[in-house]
Structure formats: C-alpha cells, structure tokens
Amino acid sequence: MTATAIPEPARRLSLLGGMRNAFTLTWRSVLKIRTNMEDVLGLSLQPIMFLVLFTYVFGGAIAHGSTHAYLQYELPGLLVMSVVFATLGTGLMLNQDITGGVFDRFRSLPIARWAPLAGAVLGDMVRYVISVAVTIGFGMILGFRVLTNPVSAIAGCLLLLAFALAMCWVSALLGLLVKTPQGVQVFGSLAIFPLVFGSSLLVPTATMPGWLQAFVKVNPITDLSAAERGLFTGGPVATPAVRSLLWALGIFVVFAPLAVRAYRRRT
Amino acid sequence: MRYDATTANAVEATGLVKRFGKTTALSGVDLVARQGRVLGVLGPNGAGKTTAVRILATLLKPDGGQASVCGYDVVRDAHQVRQLIGLTGQYASVDEGLSGTNNLIMIGRLLGLPRSDARARAGELLARFELTDAAGRPAKTYSGGMRRRLDLAASLVGHPRVLYLDEPTTGLDPRSRADVWVMIRGLIADGVTVLLTTQYLEEADHLAHDIVVIDRGKVVATGTPDELKARAGGQVLQVSPADLARLAEVAALLAAGTTAEVVTDAEAGVVTVPVTDTALVPHLFRELDDRGIELAEFTLRKASLDEVFFTLTGHRADDEENGDCELEGSNR
C-alpha cells in the first residue's frame, strides 16, 4: 500500500450526494416492504377489515338500513383512517433501526445525517399507496362508486399522500423518543384513536355533545375527511382541502425539525 | 494536524472523558493505534471499551479530551473520519430484513459506488467471508457466526484504513470464533489498522500487536502482550500435587517461600505463583521434596494475560460479567 494512492477525504457532502443517499435508503425501505410479507398482509387486510366492519356493523344503523349509502359516506373517511394508521410504520421502522444497531452503521458512514430519516419517510410512501389502493379497490367491490371524476379522485389520493407525508414525521418523532417498538404501537394508537374517531370521519357530528364538537371542529382529520368526501363523492372541496394542506404544512414544519433533533440526540 | 498518509499513528486519543448522567464511562483514556498494526483494547464488561470505540467512530461526542484518526479530529472533521473508518459493532448492525447481498450493495451505494461496482464489491466480499451460498437469504436467517462475518464484510465495503472491531467474537462458539480470527488475520495482512476491543485475554494475545488494558473507565496498563506479561512478574510457577488433599500444604509452602500472591485453583488442583527471582525455584522444589509431597506437575512458564489482568486490576477479567454490563448498553 503506497501512501500516495490514498485520496484525501472530502471535506463535506454535496446536497446532491445527500439526496443520492436518501434515495438509496428509500430503495432499502421499499425492499424491506417487499420482503416483509407480514407488513404487506397487515397493510392490505387492515383497510379490508375496516371496510367490512364499519359498512356492515354501523352502516345499517347509521344510514337507516342503506349500507350502500353509508359506504359512499364512510369510504373517503376510511381512506384517511387507513393512511393515518399506516404512518405508524415509519416510527416502528426507525425504532427498530435504532434498537437493532443499523443506525449506528449509517452514522459511521460518510452520508448525509438526514438521509436515513428521509429514506424511511419516502420509502413509506409506497406503504400509503398500497393502503389507498386496497381501500378503493375493495370498496369498489363492495359497491363504492366515484361520483365526481377521475381527476378529482386522483387529486384526493394526492392530498392523502401529502397529509401522510406530514403525519409520518410525528410518527418518526415518536419512534425516536420511545424505547421499544411496542412503545411506538401503544403511544401511537393512543394518539390516533381520538383523532380518528373524534372527527366527521365515520359519522356526521350533529349528535355529538358541544365539547366534542369543539374538538371535532379543530381536528385536522375532520377537514381532511371533508375534503376527501368532496373529491370522491361531491360537495364543497376548496375550504377543507386548503385547510388540510395548511395543516399538513404546519405539522411538517413543526414535527420534521423536532424529529431531526431527536434523531441527533438519540444517536 | 493535517492529513498525512505516513502518519505513524492511525488513531490517537488523549484524555477521553465521557459521562452518562451520573455514571462516568471514561475518565481520561489515552490510546494510540499504530499504522498497520492491531491495538487490542482489553477490559471486562462495563470497563468503557464500547464507549471509547463509539467516540473514535464519531458516534458519540466526548465530554473531554480529544481523538483523531489519520490526523482528522473525530468531532470537528467527523465527515472525513467517516470516510476512513469501518465499524463492526458489538451488536452486529446489519439490516435483518435485507439479504446479505442487498446489505452490502446498500452500503456500497451509500459510499457512492455505481450500481454495478456495488454489486461486484458485494459479491467479492461475500465470497471472501464464505457467505456466497447464503447471499440471497435475509440476514435474520443467518447463524451468529454468519451474521458476524456479514457485519465484518459490511465494514469493509469502503476499503477503510482503520477498522474498529468491537467485541467481534463475543457470544460466538469456539469454532466460529476461530473462523473470525482467521479472517481478522487476513485483514491485518492487507495492511489495515485495526482497533479491537475484547474481554477475552486469549483473543488479545492472539491478534493484537499492542494492548491497552482498561478497567472502570481508566487505562491501567499499555504495552505489547510480552511486555504486559513481563509486568506480572514475567514467570509463573505452577505446581500440582499428585495427592489433591495436600493442595493447601503446597500453597502454604509456596506462600512462605515467595513474596507474591499465591493463587489456588482447587478444582484443577493447581497452585500458581508469580516468580520474579528464578533462583528461588530449585529451593522450592527441594522443600516440596523434603516434605515428601509427590508432584504431578512442576512448571515454570510465562505468565498468561489472565494473570497479568489479575495483577493489574486486582480482579479477574470475567468478574463483572453480570455486574456493570448495563452501563454500556444504556447509552444506546
């Protein structure tokens, strides 16, 4: 080994290099989804279970016997619900990477510090797409119909993905703060259930008591459900869609830096 | 100090201090790994070995002192240091969900290799570590020894100049351990500087050119294995009576005849004592003979590192096996 053959190490990594790192780690996340059948099974079965349970358990009672009418009402909401639950995966995976020592390896490599986080988040987009596709696909088998037009429906999917991309930073923060993957499950569910059920996602809010309606009104899930309903089955879109996007932006702006900071602290 | 490939010391650390809450993991550790040599960092569980490696690998910031790799500061020039090092952790850090091949391709890509080069390098390393047959299987199906080998391969993708091996054989069966040793010797032959932590004295003795003994966050001795052995009195007299009932008698006799501490191993039926003055040996032999003690063994040999460790720290290397091990785990 000659001394001259060794190049001087680079002083810093370019932004382009960092993005390449992030894409490599996205590839890894996607590969992991593909090789982890349990995850794929859970992702596909959960929306199916939601659809069957909510349509046939609540449908008749809520929509006065017409399960089809309820399906048309609930499906946009179930899209939101499935995607929000799917964001838990980001926190789970980050937590496993840290407790399993994989992040130690990443951090000993000359890669961008933010790349592992970005890779986990971007890779999860694939999971959200699966979740959305299964919900719509199975919903259609049960009789759901898009009453607007394909462009609106696609816009609805994109809005969902944008919101999920923001929410998964909350999940990432959780994954970085708690000690075990079980902790992610427990605390994640505790946060998600009130958000999801304390909204117009599954039922009209008229019968709820005043204090709950106050919460429902400020709950971003209410806005997102309304926007999805408008985009898939018709109704006002502009206000709830803009409010959802603003919420997504706000959540991202607050939680992404917090997650990055927790990541630096933890590791 | 600027980058200079002829720098004699690949790794230098002075006065490293690290605290976790109220526990002090390192209280002023100095160490030097010379270019192309193996530095063995030896100590019991909880001594601070892993903390030291994590600082030297830029994973932790020290609370005091400084360290450099090939002249680059581990805190200020962390990005440069990361281009020079390879790390194999105590808790093997491969991605369990990915196959052996994909684990190595991922690291190659992260290091900036084009796709085809990353694939070629992965194949080359898998062959070298005898993992070709298992290359397509997820790492979670690997045995302990295979995982350790994959971890070793992963740390070598970028042709590191300094390799940290943090307890590379802990938890492995003797056969797998021997395999890993052979592979580490191969790396040494390639001219890589290796910093190896271990709680096995035998491992340090086999692999290391230089040894730093750490106990409770402090360096208690440094030197070559031979130098350290010499410090424990150099030679050890080992006596075993034919009649085990007379073991205590032998121990008492040796204790009276020497100044060092006598160690009795009742199970093995052996009494050992460090000997500084070899002129004493014939005298001791005669005394045993005078008492009519029949001997199964009477040997004068070099001290083992085990005995060195005992002399240096006052306790055996595996004393704290279950005691302080939480300390190093808690920083994760």
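Visitor: Let's start with helix α6 of chain B: which strand does α6 run at about 150° to?

Guide: Bear in mind that this is a predicted model. Helix α6 covers residues 174-189 of chain B and lies across three strands, β3 (38-42), β7 and β8 (193-198) of chain B. The strand that goes with the angle of about 150° is β8(B).

Visitor: And what is the strand order of the open sheet of 6 strands in chain B?

Guide: The pairing in this sheet is mixed. Its edge strands, each pairing on one side only, are β6 (85-88) and β10 (218-223) of chain B. From one strand to the next, the twist averages 15°. Reading across, the order is β6-β7-β8-β3-β9-β10 (chain B).

Visitor: Which residue is the bridge partner of B:Ile85 in β7(B)?

Guide: Look at the edge where β6(B) meets strand β7 (residues 162-166) of chain B. Those two run parallel and are joined by 4 bridges. In β7(B), the partner of B:Ile85 is B:Val162.

Visitor: Which helix packs on that sheet touching β6 and β7 of chain B?

Guide: You'll find this helix at residues 144-156 of chain B. Its direction makes about 165° with that of β6(B). The helix is α5 of chain B.

Visitor: Which element gives the most to the side of chain B that touches chain A?

Guide: In this contact, 30 residues of chain B meet 26 residues of chain A. Three elements of chain B give two or more residues to that side: α2 (78-84), β6 and α3 (100-110). The top contributor, with 5 residues, is α2(B).

Visitor: By class, how many residues on that side of chain B are nonpolar, polar and charged?

Guide: This is the side of chain B with 30 residues in contact with chain A. Sorted by class, they come to 15 nonpolar, 10 polar and 5 charged.

Visitor: Now the open sheet of 4 strands in chain B: what is its strand order?

Guide: Here the pairing is antiparallel. The edges are β12 (263-265) and β14 (295-302) of chain B, each pairing on one side only, and the twist averages 20° from one strand to the next. The order is β12-β13-β11-β14 (chain B).

Visitor: Which residue does B:Asp265 stand opposite in β13(B)?

Guide: β12(B) pairs with strand β13 (residues 270-275) of chain B in the antiparallel sense, over 3 bridges. Across from B:Asp265 in β13(B) stands B:Val270.

Visitor: Helices α9 and α10 of chain B both involve this sheet, but what angle does α10 make with β14(B)?

Guide: Helix α9 (residues 247-257) of chain B touches β11 (235-241), β12 and β13 of chain B, and makes about 10° with β13(B). Helix α10 (residues 280-290) of chain B lies across β11, β13 and β14 of chain B. Its angle to β14(B) is about 170°.

Visitor: Over in chain A, why does the span of helix α10 agree with what it should be?

Guide: Helix α10 of chain A has 14 residues, 220-233, and at 1.5 Å a residue it should span 20 Å. Burial is easy to state too: 13 of the 14 residues of α10(A) are buried. The span agrees because the end C-alpha atoms are 20 Å apart, matching the expected 20 Å.

Visitor: Which residue takes a positive phi just after α10(A)?

Guide: Step just past the end of α10(A). The phi there is about 100°, and the residue is A:Gly234.

Notes: Residues are numbered from 1 along each chain as its sequence is written. Chains are lettered from A and ligands numbered from 1 in the order in which they are written. This is a predicted model: local features need pLDDT of at least 70, side-chain atom pairs count only at pLDDT 80 or more; totals for chains, interfaces and linings use all residues. Two strands pair if DSSP finds at least two bridges between them. Axes are lines fitted to C-alpha atoms, for helices over the stretch in contact, and angles run from 0 to 180 degrees between N-to-C directions. Two residues are in contact if their C-beta atoms, placed from the backbone, lie within 7 Å. Ala, Val, Leu, Ile, Met, Phe, Trp, Tyr, Cys and Pro count as nonpolar, Asp, Glu, Lys and Arg as charged, and the others, Gly among them, as polar. The expected span of a helix is 1.5 Å times one less than its number of residues. A residue is buried if 20 or more other C-beta atoms lie within 10 Å of its own, exposed if 12 or fewer, and partly exposed in between; C-beta atoms are placed from the backbone.
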